[in-house]
Amino acid sequence: MNVLVYDNEEQIGIAAGNYMCGQVLAKPDSVLGLATGSTPLKPYGHMIKLYEQGAVDFSKVTTFNLDEYCKIDVNDINSYHRFMHDNLFNHINIPEENINFLNGNTDNPEEECKAYEEKIKKAGGIDIQLLGIGSNGHIAFNEPSDSFQRWSHVVALKESTIKDNSRFFKSIDEVPTHAVTMGIGSIMQAKRILIIAIGENKAKAIKQLIDGDVTPQCPASVLQFHKDVTLMLDKGAASLL
């Protein structure tokens with residue numbers, strides 16, 4: 001693992017944005033795995049800035065998002081579909097048909113998940129997967145459990161995750177209790193992985209990711225088995241290393 005520690009979130013935003021755009025410059029038809037939440041906001045902002053400066057072209061890029069809430073309208077301000085368009089896609093030249101999300105409103109989640117995996121495979125696999133990490137060690141919505149969920153699936157969100165995500169909603173009661181997510185196997189098939197973690201509340205999960213036992217009780221720990229992982233941490237997230 002390549003562990004990089006920065007002074008603040010601004011520096012991480014620039015570094016991570018450069019990292020993602022560097023992939024696109026090296027391979028214009030890159031397949032990017034993207035994440036949501038507060039962690040990637042500054043990296044996405046820097047990617048937009050580089051696009052506006054003419055430094056990078058996203059017209060041949062394909063994207064796959066990690067996850068989506070179940071039973072939430074795609075135009076709802078808290079849907080990940082809306083988040084990605086508001087914070088990245090509406091500001092760069094990626095074709096809409098190249099953007100892929102899991103459908104949290106499907107009547108047949110099992111078929112939806114199978115189809116998503118096939119789409120990723122047909123696109124040639126994900127070149128670089130951007131990840132955040134939950135305070136409980138979850139990646140995407142793969143929550144701590146007794147076993148690793150291999151492929152895309154529906155998951156019931158843990159109380160800690162609902163609490164973490166409640167800051168985006170008017171009340172905790174509005175936070176969806178289920179989501180559809182890429183599985184651990186889906187993530188591990190990415191050629192490269194970039195993890196961003198900010199704040200002391202992520203320090204315990206980061207320490208276990210790097211130094212702990214590989215266990216589904218800390219889903220991120222499985223990344224110890226991946227051949228190309230870069231972590232970008234602020235001093236808070238790196239405080240237990």
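The following exchange examines the cores, salt bridges, strands and surface of a predicted model.

Student: On what basis are residues numbered and features accepted here?

Tutor: Residues are numbered from 1 along each chain as its sequence is written, and side-chain values use heavy atoms, with hydrogens and water left out. In this predicted model, totals for chains, interfaces and linings use all residues, whereas side-chain atom pairs count only at pLDDT 80 or more and local features need pLDDT of at least 70.

Student: Which helix gives the most to the largest nonpolar core?

Tutor: A nonpolar core is a set of buried Ala, Val, Leu, Ile, Met, Phe, Trp, Tyr and Cys residues joined through side-chain atoms within 4.5 Å. Buried means under 20% relative accessible area, exposed over 50%, and partly exposed in between (1.4 Å probe, protein chains only). The largest core has 63 residues, and Phe-58, Leu-88, Ile-187 and Leu-223 have the most contacts inside it. Seven of its residues come from the helix that gives the most, α1 (residues 9–26).

Student: With which residues is Phe-58 in contact, leaving aside its neighbours within four places in sequence?

Tutor: Contact means heavy atoms within 4.5 Å. By that criterion, and with those sequence neighbours set aside, the partners of Phe-58 are Cys-21, Val-24, Met-47, Tyr-51, Ile-92, Asn-93, Ile-94 and Pro-95.

Student: How many residues does the other core have?

Tutor: This core lies apart from the largest one. Among its members are Tyr-69, Phe-141, Val-155 and Ile-162, and its size is 10 residues.

Student: How many residues apart in sequence are the parts tied together by Lys-235 and Asp-7?

Tutor: A salt bridge is a side-chain nitrogen of Lys or Arg within 4 Å of a carboxyl oxygen of Asp or Glu. Lys-235 and Asp-7 form one, their closest N and O atoms being 3.1 Å apart. Lys-235 is exposed because its relative accessibility is 53%, while Asp-7, at 48%, is partly exposed. Since Lys-235 lies in the segment after β10 (229–234) and Asp-7 in the loop between β1 and α1, the pair ties together parts whose separation in sequence is 228 residues.

Student: Which helices are tied together by Lys-42 and Glu-10?

Tutor: The side chains of Lys-42 and Glu-10 meet in a salt bridge, at 3.0 Å from N to O. Lys-42 is partly exposed at 31% relative accessible area, and Glu-10 is partly exposed at 47%. Helices and strands are DSSP runs numbered from the N terminus (helices H or I, at least four residues; strands E, at least two). Because the two residues lie in different elements, the pair ties together parts 32 residues apart in sequence, namely α2 (residues 41–52) and α1.

Student: In β3, which residue is the bridge partner of Val-31?

Tutor: Val-31 and Gly-33 point one way from strand β2 (residues 31–34), Leu-32 and Leu-34 point the other way, and all are buried. Two strands pair if DSSP finds at least two bridges between them. Four bridges join β2 to β3 (residues 62–65), and these strands run parallel. The partner of Val-31 in β3 is Thr-62.

Student: What is the accessible area of the nonpolar patch that includes Val-3?

Tutor: Val-3 lies in strand β1 (residues 2–6) and counts as partly exposed because its relative accessibility is 33%. Patches are made of residues with over 30% relative accessible area and no salt bridge; like charges are joined within 9 Å and nonpolar side chains (Val, Leu, Ile, Met, Phe, Trp, Tyr) within 5 Å. Areas come from the Shrake-Rupley method with a 1.4 Å probe, and for residues only the protein chains shown count as cover. Together, Met-1, Val-3, Val-5 and Leu-241 have an accessible area of about 330 Å².
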